[in-house]
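Colleague: I am new to this structure and would like a close look at a single part of it. Could you take one helix and walk me through how it sits among its surroundings?

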Amino acid sequence: MMNYAVQADGLTVARGPRTVLRHLRFTVPRGQITGLLGPSGCGKSTLMRSIVGTQAKVTGTLNVLGHPAGHPTLRSRIGYVTQAPSVYDDLTVRQNLEYFAAILAPGRPAADRRHEADRVLADVDLTSHADALAGNLSGGQRGRVSLAVALLGTPELLVLDEPTVGLDPVLRRDLWTLFHDIAATRGATLLVSSHVMDEAERCHRLLLMREGEILADDTPDALRTRTGTDTVEAAFLRLVDEAAAAHRTQQTTRAQETTR
Ligand SMILES: Nc1ncnc2c1ncn2[C@@H]1O[C@H](COP(=O)(O)OP(=O)(O)O)[C@@H](O)[C@H]1O
Ligand SMILES: [Mg+2]
C-alpha cells in the first residue's frame, strides 16, 4: 500500500444527473510523475478533484497517501493547482506566497513565512520577480507562481491540472524539467493532467482516459510496445479503436443471444 500515493478501485463519480467517472481502478506510484491524459471532457479535472477531496458524490475506494481521499490530515500533504490558477493580481509575487503560507500554517512567525516564500520562489526560478505585481507577469510566470503556492509546506503529492496549457514550447519544456527536478530532489509524487498527448512522453507513467474510463495504466514504453505504435498518441488511438471493436462484439453477442 505504501508504494502508492493514490490507489482507486471501483471509483465512480456523479455530477448532476450524469455519471462522469465509471468504476475506475488504477494506482499512482510514489516519487514519480504520472500523466493523466485524455481529451477535454473525459473527466481529468473531476478525478483530480476527487483525489484532493473537493469533489462531491464520490463512491468506491479512493486512498491517498494511506488515507481515504478528503481526510483532514491530507490537507497539508497535498499541493493542488486548479485548471484556472488563482493568484492575486494586486499583490506582488512574494506577497501572494506569504499570504498563502499564512493560510496554510496560521500562527507561524512572519520570518518563517518569508523564508518559506523565498524557498519556493527559488524552486520555480522566480526569485528575480519576487517584487513584481502578479498582474504584470506573463502567463507562464503566473503559472509558476501558482506552482510555487502548491509547493508551500513541502507536499508529498502534487496534483497539477493542465499546468502547461497555452504555454509556448520553451516554457512547456522548462516546466517539465522543473517537474522532474521536484520529483527527483524531493521524492514527491506528481500527477499532471493534459489533453495534449505529446506531453505523455515526458511522464514516468500514464493514465489514459476517455469518456470517464481508464483506457490504460502503464509506462509510455510499455504502451507503445503493447500497441505496436511509435507514439503515445498512436497508442491512444489504437486503444480507442480496440475498445470500440470490443463494444461492437459485445453488442453482436447480445443481439445473437436475444434472437436465440
Ligand atoms: N457541474 C457539473 N455538472 C454536470 N456535469 C459536469 C459538471 N462539471 C463537469 N461536468 C461534466 O463532467 C465531465 C468531465 O468533466 P471534467 O472533469 O471537467 O473533464 P476534463 O477535465 O477532462 O476536461 C464532462 O463531460 C463535463 O461536461
Ligand atoms: Mg479539466
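**A close look at helix α5**

Modeller: In helix α5, the residues L175, W176, L178, F179, I182 and A183 are buried. These residues lie on the same side of α5, because they cover an arc of only 155° around the axis. Please keep in mind throughout that this is a predicted model. As for why such a pattern can arise, an α-helix has 3.6 residues a turn, so residues three or four places apart point the same way.

The opposite face of the helix has another character: turned away from the buried side of α5, that face carries the exposed residues P169, A184 and T185. The buried residues, for their part, pack against several elements, namely the strands β3 (33-37), β7 (157-160) and β8, together with the helices α3 (110-123) and α4 (139-151).

The length of the helix can be checked as well. Helix α5 runs over residues 169-186, and since its 18 residues should span 26 Å at 1.5 Å a residue, the distance of 26 Å between its end C-alpha atoms agrees with that expectation.

Both ends of the helix deserve a look. At the N-terminal end, D168 acts as a cap of α5, with a side-chain oxygen lying 3.0 Å from the backbone nitrogen of V170. Beyond the other end, α5 is followed by G187, which has a positive phi, near 65°.

From here it is worth stepping into one of the packing partners, β8, which is among the elements that the buried residues of α5 pack against. Strand β8 covers residues 189-194 and includes S193. Is S193 buried or exposed? With a relative accessibility of 0%, S193 falls below the 20% under which a residue counts as buried, and therefore it is classed as buried.

The surroundings of S193 can be described in two steps. A polar atom of the S193 side chain lies 2.8 Å from the backbone nitrogen of E162. Once the neighbours within four places in sequence are left aside, S193 is in contact with L36, K44, M48, L160, D161, E162 and P163.

To bring the picture together, α5 has its buried residues on the same side, with the exposed residues P169, A184 and T185 on the face turned away, while D168 caps its N-terminal end and G187 follows the helix.

Notes: Residues are numbered from 1 along each chain as its sequence is written. Chains are lettered from A and ligands numbered from 1 in the order in which they are written. This is a predicted model: local features need pLDDT of at least 70, side-chain atom pairs count only at pLDDT 80 or more; totals for chains, interfaces and linings use all residues. Side-chain values use heavy atoms; hydrogens and water are left out. Helices (H or I, at least four residues) and strands (E, at least two) are DSSP runs, numbered from the N terminus. Buried means under 20% relative accessible area, exposed over 50%, partly exposed in between (1.4 Å probe, protein chains only). A polar contact is a pair of N or O atoms within 3.5 Å; within protein, one must be able to donate a hydrogen and the other to accept it, and residues adjacent in sequence count only if both atoms are side-chain atoms. Contact means heavy atoms within 4.5 Å. The expected span of a helix is 1.5 Å times one less than its number of residues. The arc is that of the directions from the helix axis to the C-beta atoms.
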